[in-house]
Amino acid sequence: MGWKLFLDDVRNPDGEFADALVARTFREAVTLVQQHGIPEAASLDYDLSAAPNAFRDGRDFLEWFIAELAYNCKNPDELKLLVFHTSDTEYARRMEFLWKVAQEQVFEQPHPAQVVIRPRSQVSP
């Protein structure tokens with residue numbers, strides 16, 4: 001049975017991510033993936049500025065995660081769902097674009113994960 005990752009500095013997961021492991025910072029998210037492997041689902045916020053010592057954001061984590069999937073992971077297809085939840089739809093689109101570029105330039109073949117942009121207002125405070 002897989003696990004779920006929820007990266008957000010202030011919000012708590014609900015709905016399909018209610019049972020997710022929560023990371024408040026880039027470093028916490030990296031640590032969770034290193035400890036538990038690739039999640040079956042990940043929901044990522046862009047803006048992590050409320051976290052203490054927040055020098056990196058959700059896009060930085062996505063860049064690290066793409067490299068992990070492409071180069072260090074034995075079974076990258078474990079990831080089935082990737083959600084970008086943020087109050088700034090422009091940044092959500094940038095994260096989606098980064099994922100699309102990875103499909104073309106990093107992965108040997110398109111990654112099968114479903115990608116969803118969910119406005120942050122649809123995530124519980």
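**Figure 1. The pairing of β4 with the edge strand β5 in the predicted model.** In this predicted model, T86 stands opposite P119, a residue of β5. The two strands β4 and β5 run in the parallel sense and are joined over six bridges. On this part of the sheet lies helix α3, which touches β3, β4 and β5 and whose direction makes about 155° with that of β4.

**Figure 2. The five-stranded sheet and its strand order.** The sheet is open, its five strands follow the order β2-β1-β3-β4-β5, and their pairing is parallel. At the edges are β2 (residues 21-23) and β5 (residues 114-119), each of which pairs on one side only. Direction ignored, neighbouring strands of this sheet are turned against each other by 15° on average. Helix α2 packs on the sheet through contacts with β1, β3 and β4, and its direction makes about 145° with that of β1.

**Figure 3. Strand β3 between β1 and β4.** Strand β3, residues 41-44, pairs in the parallel sense with β1 (residues 4-7) over four bridges, and β3 also pairs in the parallel sense with β4 (residues 81-86), again over four bridges. Residue A41 takes part in both pairings, since A41 is the bridge partner of K4 from β1, while the bridge partner of A41 in β4 is L81. In a regular strand, side chains alternate between the two faces of the sheet. In β3 both faces are covered, with A41 and S43 buried on one side and A42 and L44 buried on the other.

**Figure 4. The surroundings of K4 in strand β1.** Residue K4 is found in strand β1, and at 18% relative accessibility K4 counts as buried, because the cut-off for that class is under 20%. The side chain of K4 reaches the backbone oxygen of E16 at 2.6 Å, and a polar contact of 3.5 Å joins the side chain of K4 to that of D19. Leaving aside residues up to four places away in sequence, K4 touches E16, F17, D19, A20, L21, P39, E40 and A41; of these, A41 is the bridge partner of K4 in β3.

**Figure 5. R118 of strand β5 and its contact with E16.** Residue R118 lies in strand β5, and the side chain of R118 makes a polar contact of 2.8 Å with the side chain of E16. Residue E16 also takes part in the view of K4, where the backbone oxygen of E16 is reached by the side chain of K4. With residues up to four places away in sequence not counted, R118 touches E16, F17, V83, F84, H85 and T86.

**Figure 6. Helix α2, its start and its buried face.** Helix α2 (residues 58-72) has 15 residues and reaches 20 Å from its first C-alpha to its last, close to the 21 Å expected at 1.5 Å a residue. The buried residues of α2 are G58, F61, L62, F65, I66, E68 and L69. Seen down the axis of α2, these buried residues fall within an arc of 160°, so they line one face of the helix. The buried residues pack against β1, α1 (residues 26-36), β3, β4 and α3 (residues 89-105), whereas the face of α2 turned away from the buried side carries the exposed residues Y71 and N72. At the start of α2, a side-chain oxygen of D57 reaches to within 3.0 Å of the backbone nitrogen of R59.

**Figure 7. Helix α3, its N-terminal cap and its two faces.** Helix α3 has 17 residues and reaches 24 Å from its first C-alpha to its last, close to the 24 Å expected at 1.5 Å a residue. Its N-terminal end is capped by D88, from which a side-chain oxygen lies 2.9 Å from the backbone nitrogen of E90. Within α3, A92, M95, E96, L98, W99, A102 and Q103 are buried. They cover an arc of only 150° around the axis, which puts them on the same side of α3. The buried residues of α3 pack against β3, α2, β4 and β5, while F97, E104 and Q105 are exposed on the face of α3 turned away from the buried side.

Terms used
Residues numbered from 1 in each chain as written. Predicted model: local features only at pLDDT ≥ 70, side-chain atom pairs only at ≥ 80, totals over all residues. Heavy atoms only, no water. Buried < 20%, exposed > 50% of the residue type's maximum accessible area, 1.4 Å probe, protein only. Pairing = 2+ DSSP bridges. Expected span 1.5 Å × (residues − 1). Arc of directions from axis to C-beta. Contact = heavy atoms within 4.5 Å. Polar contact = N/O pair within 3.5 Å; in protein donor to acceptor, adjacent residues only side chain to side chain. Axes fitted to C-alpha atoms, helices over the stretch in contact; angles between N-to-C directions.
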